[in-house]
Amino acid sequence: MTDQPVFDHLLQRLAAQLGLLYPDHDGLELARSIVTRFWPKGREAVSSRQSREDALWDERNVVMITYGNSILEKDEKPLKTLHKFLKNHIGTTISAVHILPFFPYSSDDGFSVIDYLQVDDNLGDWDDIEAIASDYRLMGDLVINHGSSKSQWFQQFLSDKAPGKDYFYTADPASDLGDVVRPRSHPLLTPFRTAAGDRHVWSTFSPDQLDFDFTNPDVLLEFVSIIAEYIAHGVRIFRLDAVAFLWKKIGTPSINLDETHEIIRLLRTLMDHHEETLVIITETNIPNHENLTYFGNQNEAHIIYNFSLPPLLVHALLTGDSLYLKRLTRSNPPALNGCTYLNFTASHDGIGLRPTEGVLPQGEVDHMLAAMQRFGGRISMRRGPGGTEKPYEMNISFFEAMQGTVDGPDEFQIERFMAAMAVMLALEGIPAIYIHSLLATPNGYEEVNLTGQNRSINRRRLDYDALTAKLDDPQTVEAQVFAQVTALIDARKAQKAFHPNAVQFTLTLPEGLFGIWRQSIDRKQSIFAVTNVTNSTKNLSLADINLISGDSWHDLISGALIEDIEADFPLTPYQTVWISNGAMP
């Protein structure tokens with residue numbers, strides 16, 4: 001049974017947080033309501049231990065990102081097919097699976113949720129979700145900023161009936177909305193005729209995705225109940241989708257507001273007192289200095305996406321110039337205990353450009369955009385200040401993005417792709433790999449034509465039997481990439497110097513080489529991870545990376561022994577070495 005002092009302290013802490021959000025309400029009463037919803041089995045479930053930092057993650061943690069229906073087999077629910085693919089082809093290579101929204105939805109491939117408490121029957125049911133959660137740590141999306149226009153809550157809004165009538169944020173079109181930061185180019189407000197008259201609903205992402213009004217505490221209470229339900233079905237990592245836009249205030253940019261951070265802190269308080277080890281990851285695709293604020297004071301997100309990595313990594317490999325990538329790794333602060341980064345090259349969305357703002361000169365961005373279009377990609381736009389449109393993201397399969405350089409396609413696509421994977425896997429943080437990167441999926445033009453959405457280019461659905469045949473044939477590109485990526489992951493997982501919180505230092509190396517030094521928390525293992533980001537051979541002077549004499553050094557990837565620690569080590573185009581004094585995998 002929970003100690004009374006622990007329970008009382010939790011209530012007081014929640015009440016203080018709620019008082020900042022809802023000063024006109026009884027904070028203690030709201031806190032009791034939240035505790036009742038979060039621990040439906042009663043206050044005895046409240047834990048005093050909070051999240052133990054050593055139980056959160058280690059070097060063995062790798063996430064695979066996928067839709068519930070990325071792989072299909074005839075006459076079988078997709079979640080069962082996904083589980084079969086994981087068991088038959090992935091095994092223990094990964095530790096966690098991020099299944100993108102698996103709820104009934106009306107648009108945006110799941111991110112316009114109709115019913116938060118049901119699994120989309122086209123995918124499967126809660127038993128399928130729980131089966132996957134029994135084998136892998138499960139990440140699920142909390143689509144917290146907006147809901148579907150087809151949801152029961154929004155139908156209640158239209159009918160002016162409780163509870164939904166007060167769940168969505170409305171504004172007068174004549175209000176001062178000029179400073180609002182937009183991720184899209186459509187109008188911010190969508191008009192609706194309701195039983196209470198004509199109303200204009202805030203719609204950050206689309207007219208079908210209507211923003212919730214978190215100034216109403218009942219909305220927060222609903223989402224606390226939703227989180228509790230997800231926990232009961234096996235979700236352990238909560239991705240807070242589009243959370244930066246959560247709280248709105250007329251006359252402000254309505255992004256990254258203090259109240260948004262306070263809600264994340266409140267959810268962290270709850271999760272830190274749960275008997276399960278729960279993790280919050282914030283999805284905030286914004287400039288890096290803003291993204292970093294979501295760590296808070298070690299009291300907000302456990303994990304933040306390293307959104308700057310994909311575009312800067314693409315730029316480095318397209319141009320052979322890693323200057324801006326080095327600036328990122330030098331400027332990202334070491335994550336404090338209980339916090340870390342999620343590193344990735346690609347996701348279900350495009351390669352975001354907002355994180356390049358103030359980092360990449362516009363001319364460099366333009367070169368990158370031109371190359372992506374040459375490789376079959378699309379460019380999505382957003383509305384900037386004054387109504388001008390600006391590029392928002394590059395939509396392309398990551399494997400196709402590695403076709404060549406700014407000069408055009410070449411013969412190094414697989415090598416360049418593997419260089420990107422190797423850099424990402426070596427960085428401080430937890431690596432996450434999108435299923436279509438793992439499988440070297442090409443651009444999906446048919447999907448784009450079918451949906452009219454640029455993002456569909458990297459959201460193909462694959463036939464299980466056809467995919468299995470390709471993976472079984474070592475001559476296919478899919479098999480080659482899959483084998484190389486999984487081997488690299490397995491090598492990474494055996495190295496304590498790749499713990500998500502192990503020391504990282506960016507090396508000063510000649511032009512064309514990007515490298516970092518990682519050191520294990522116990523200081524026993526060092527890894528010098530160096531990648532040639534060019535299409536020509538480069539010499540790595542081992543004297544430049546300061547290998548300590550007396551230790552035995554070797555490359556974890558090729559197995560080559562380092563006999564002379566001051567020799568030159570030639571790196572072929574896009575080759576990576578992980579030079580370590582630790583054990584071979």
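In the predicted model, Val63 has Ala432 of strand S18 as its bridge partner. This pair belongs to the contact between strand S1, which spans residues 63-66, and S18, where 3 bridges join the two strands in parallel. On S18, a parallel pairing is also formed with strand S12 (residues 340-344), again through 3 bridges. Within that pairing, Leu342 is placed opposite Ile430 of S18.

Strand S18 itself comprises residues 430-434 and is mostly covered, with 5 of its 5 residues buried. In a regular strand, side chains alternate between the two faces of the sheet. For S18, one side carries Ile430, Ala432 and Tyr434, the other carries Pro431 and Ile433, and all of these residues are buried, so that both faces are covered under the criterion of less than 20% relative accessible area. The residue paired with Val63, Ala432, and the residue opposite Leu342, Ile430, thus lie on one side of the strand.

The pairings of S18 with S1 and S12 form part of a closed arrangement. A barrel is made by 8 strands in the order S1-S3-S4-S9-S10-S11-S12-S18, with parallel pairing. Neighbouring strands of this sheet are turned against each other by 25° on average, direction ignored. Elsewhere in the barrel order, strand S10 (residues 279-282) pairs with strand S11 (residues 303-305) in the parallel sense over 2 bridges. There, Ile281 has Ile303 of S11 as its bridge partner. Two further strands of the barrel, S4 (137-142) and S9 (235-240), are crossed by helix H6, which covers residues 217-232 and runs at about 140° to S9.

Helix-helix packing was examined for two pairs. Helix H1 (residues 4-21) packs against helix H2 (residues 27-38) at an angle of about 120°, and their axes are 8 Å apart. Because the angle falls in the oblique class, H1 is described as oblique to H2. The crossing of these two helices is right-handed. On the H1 side, the contact involves Phe7, Leu10, Leu11, Gln12, Leu14, Ala15 and Leu18, which meet Gly27, Leu28, Leu30, Ala31, Arg32, Ile34 and Val35 of H2. Classified by residue type, the contact of H1 with H2 contains 11 nonpolar, 2 polar and 1 charged residues.

The second pair consists of helix H9 (residues 309-319) and helix H10 (residues 323-331), whose axes come within 8 Å and cross at roughly 145°. Leu309, Leu312, Leu313, His315 and Ala316 of H9 meet Tyr324, Leu325 and Leu328 of H10. In this contact of H9 with H10, 7 residues are nonpolar and 1 is polar, with no charged residues.

An open sheet is also present in the model. Its 6 strands follow the order S20-S21-S22-S27-S24-S25, and the pairing is antiparallel. Strands S20 (503-506) and S25 (561-562) occupy the edges; each has a single partner strand, so one side of each is left without a neighbour in the sheet. At the S25 edge, strand S24 (residues 553-555) is joined to S25 by 2 bridges in the antiparallel sense, and His554 is located opposite Leu561 of S25. Helix H13 (residues 413-426) lies across three strands of the sheet, namely S21 (513-519), S22 (526-532) and S27 (576-580), and runs at about 35° to S27.

Definitions and conventions:
Residues numbered from 1 in each chain as written. Predicted model: local features only at pLDDT ≥ 70, side-chain atom pairs only at ≥ 80, totals over all residues. Heavy atoms only, no water. Buried < 20%, exposed > 50% of the residue type's maximum accessible area, 1.4 Å probe, protein only. Helix = DSSP H or I, 4+ residues; strand = E, 2+ residues; numbered from the N terminus. Pairing = 2+ DSSP bridges. Axes fitted to C-alpha atoms, helices over the stretch in contact; angles between N-to-C directions. Parallel < 35°, antiparallel > 145°, perpendicular 65-115°, else oblique. Left-handed = near helix turned anticlockwise from the far one by under 90°. Contact = heavy atoms within 4.5 Å. Nonpolar A, V, L, I, M, F, W, Y, C, P; charged D, E, K, R; others polar.
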